[in-house]
Amino acid sequence: MDSYLLMADTMTNKAYLDVANSPMMWAVVIPTVIMVCIQAYIFIRDAIKAGPIVGLTKQDTKEAMRAGAICSIGPGLSMFTVMIALMSILGGPFAWLRLSIIGTITTEMLGATAGATAMGVDLGGLDYGITAFSCSVWVITLNTWGFFIVNLLFAHKMEKVKMAVERHDAHMFDAVGLCVMIGCVAMFLAGQMVGGTGKFIAAIAGFVIMTILVRISEKYPKLKEYNLGLAMLAAIFIAQFVVQIGG
Amino acid sequence: MSNVHNTEDVDKRFHEEYTVKMIKRGRLTTLIAALLTFIPALYLWLALGYKPSWSLIGQGWAIIVSSYLIIYFVEPLGFYPVMGLSGIYIGYLAGNIPSVRLPAMISAQVATGCEAGTKRGELVGTIAIGMSVFVNLAFVTLAAITGVAILNVLPPFIVSAFDYTLPAILGGVIAQYFKKNKVFVPLILAICVVLQKAPLPSVAKFPSAILLSFFIGYFLYKSKKK
């Protein structure tokens, strides 16, 4: 029955982007972002109100607001490249939503790919249609719910959890967690690398260019936040160039 | 100007007048926003009639949750000492913690001379993180608007290059990990390539990769400690 579904996927060959970029799609993603803003507003307001309890002055508050705003300009600019990439695959509205809330570009790309893999198609490929897109949307949404659930259930007990973890080897959790994350990325990457010349080249190029950029940004730390976006851009064009021109 | 110098009194007031309310409001706003994240999926399904079978959604979810499960727990725990509880609530809804929220918090703490991990540090950090939500959102929105326009005028040669986004980004991400994990990264990558090519059923491949990562990671950590 599942393979019947695969053959019956409609709006393939990028046609699904018509739905993904529709005005209604914008409408359905706006409520969450409004809630994010409401939360930020409430927290700012409450923090300012509580300031006098611990001796914060109006000057402190102003400086905190300034620092927060100015600090966000650099990272904000570096979002452009990854935004455009994500938009070309998931459409403007959904990409806007996902990069405004929990979930980095990597997390969202992996979630979207997991959805596509379950449907037996390539993310954004020729067979990737509206049903596959919907699958990616569901998987991405469910993935970040993991963070929401842990937050809702455990955040207020975080102090106690922290102390319990410190009684054991806290570093081990970090180290093993990191290895699992690397393994996840490696598995998706391996899948791409065996998936054709273009993808293989893009992967290698991304690796090499990123390594170079990281080295450069050790001397010029301000460039660090642009590394991934730039490496990605360079790598995709190298891959495209080689595939199209190389024939 | 408050002249409460008694630390116990300050702690008590802070807890009652700020922390308790903050936790309630943080949880409520997070819950509402989390529920709202389902709207796009529900819209595609209920309004337009597009939805894969629950079994397919489950398979996709199983692939991603097998690796992220441990991260859901480990990551917030790692950020909590620096972010404070308020920072965790905003950070785990608005996201972008290491790239935007953390720098904003630290910058505010430095600017006001408040130490991280203190109540003053938590408050100025929270104010800064809150501001970063608005500023960062403005840029992401700008990127969305210009991005749509840009994608529309770009020639197909360039637009279709974005089909290579996933391997390009993952190659870059692995490069970042490789810097500090020169043994594990090539090892697990080789294993994953073998797994991808192996004649295993696809439902077995991802969990195998994750389990192997878990055990190899554990083994490497323990052997380093010796």
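In this predicted model, A:Lys14 sits in the loop that runs between helix 1 and helix 2 of chain A. Although A:Lys14 is not a glycine, its phi is positive, at about 70 degrees. A:Lys14 counts as partly exposed because 18 C-beta neighbours lie inside 10 Å, fewer than the 20 that a buried residue needs. A second residue invites a look alongside it. A:Met11 is likewise found in the loop between helix 1 (2-7) and helix 2 (16-20) of chain A, and its phi is also positive, near 55 degrees, in a residue other than glycine. A:Met11 has 18 C-beta neighbours inside 10 Å and so counts as partly exposed. For context, most residues other than glycine have a negative phi.

Moving from this loop to chain A as a whole, the chain is divided into domain 1 (1-156) and domain 2 (168-247). The C-alpha centres of domain 1 and domain 2 of chain A lie 21 Å apart. Where domain 1 and domain 2 of chain A meet, each contributes eight residues to the contact. On the side of domain 1 of chain A that touches domain 2 of chain A, helix 5 (73-90) and helix 7 (105-118) of chain A each supply at least two residues. The largest share of that side, six residues, comes from helix 5 of chain A. By residue class, the side of domain 1 of chain A that touches domain 2 of chain A holds four nonpolar, four polar and no charged residues.

The contact between the two chains comes next. Here 139 residues of chain A are in contact with 134 residues of chain B. Helix 10 (residues 170-193) of chain A gives the most to the side of chain A that touches chain B, supplying 21 residues. That side of chain A divides into 96 nonpolar, 35 polar and eight charged residues.

The packing of nonpolar residues can be followed in the same spirit. The largest nonpolar core has 159 residues, and A:Met83 and A:Ala235 have the most contacts inside it. Helix 3 (residues 54-94) of chain B provides the largest share of this core, with 18 residues. Leaving aside neighbours within four places in sequence, A:Met83 is in contact with A:Ala95 and A:Leu99 in chain A, and with B:Val140, B:Ala143, B:Ala144 and B:Gly147 in chain B. In general, nonpolar side chains tend to be buried together in soluble globular proteins.

Turning to chain B, its secondary structure comes to nine helices and zero strands, which read along the sequence as α-α-α-α-α-α-α-α-α. An automatic or database assignment divides chain B into domain 1 (1-51), domain 2 (67-153) and domain 3 (157-225). The centres of domain 2 and domain 3 of chain B, taken over C-alpha atoms, are separated by 28 Å. Chain B has a radius of gyration of 23 Å, whereas a compact globule of 226 residues would have one near 17 Å. Along the principal axes, the C-alpha atoms of chain B fill a box of roughly 70 × 55 × 35 Å. Of the 226 residues in chain B, 48% are buried. Among contacts in chain B between residues at least 6 apart in sequence, 48% join residues at least 24 apart.

Helix 2 (residues 39-47) of chain B offers a closer view of how a helix meets the other chain. B:Pro40, B:Ala41, B:Tyr43 and B:Leu44 are buried in this helix. Seen down the axis of helix 2 of chain B, these buried residues fall within an arc of 160 degrees, so they line one face of the helix. As background, an α-helix has 3.6 residues a turn, so residues three or four places apart point the same way. The buried residues of helix 2 of chain B pack against helix 3 (23-50), helix 6 (92-100) and helix 8 (130-154) of chain A. On the other side of helix 2 of chain B, B:Leu46 and B:Ala47 are exposed. Helix 2 of chain B is followed by B:Gly49, which has a positive phi near 85 degrees.

Helix 3 of chain B, already met in the nonpolar core, also contains B:Ala62. B:Ala62 is partly exposed because 15 other C-beta atoms lie within 10 Å. B:Ala62 and B:Gly91 are 29 residues apart in sequence, and their C-alpha atoms are 25 Å apart in space.

How values were computed
Residues numbered from 1 in each chain as written. Chains lettered and ligands numbered in written order. Predicted model: local features only at pLDDT ≥ 70, side-chain atom pairs only at ≥ 80, totals over all residues. Core = buried A, V, L, I, M, F, W, Y, C linked by C-beta atoms within 7 Å. Buried ≥ 20, exposed ≤ 12 C-beta atoms within 10 Å, placed from the backbone. Helix = DSSP H or I, 4+ residues; strand = E, 2+ residues; numbered from the N terminus. Contact = placed C-beta atoms within 7 Å. Arc of directions from axis to C-beta. Nonpolar A, V, L, I, M, F, W, Y, C, P; charged D, E, K, R; others polar. Rg over C-alpha atoms; globule rule 2.2 N^0.38 Å.
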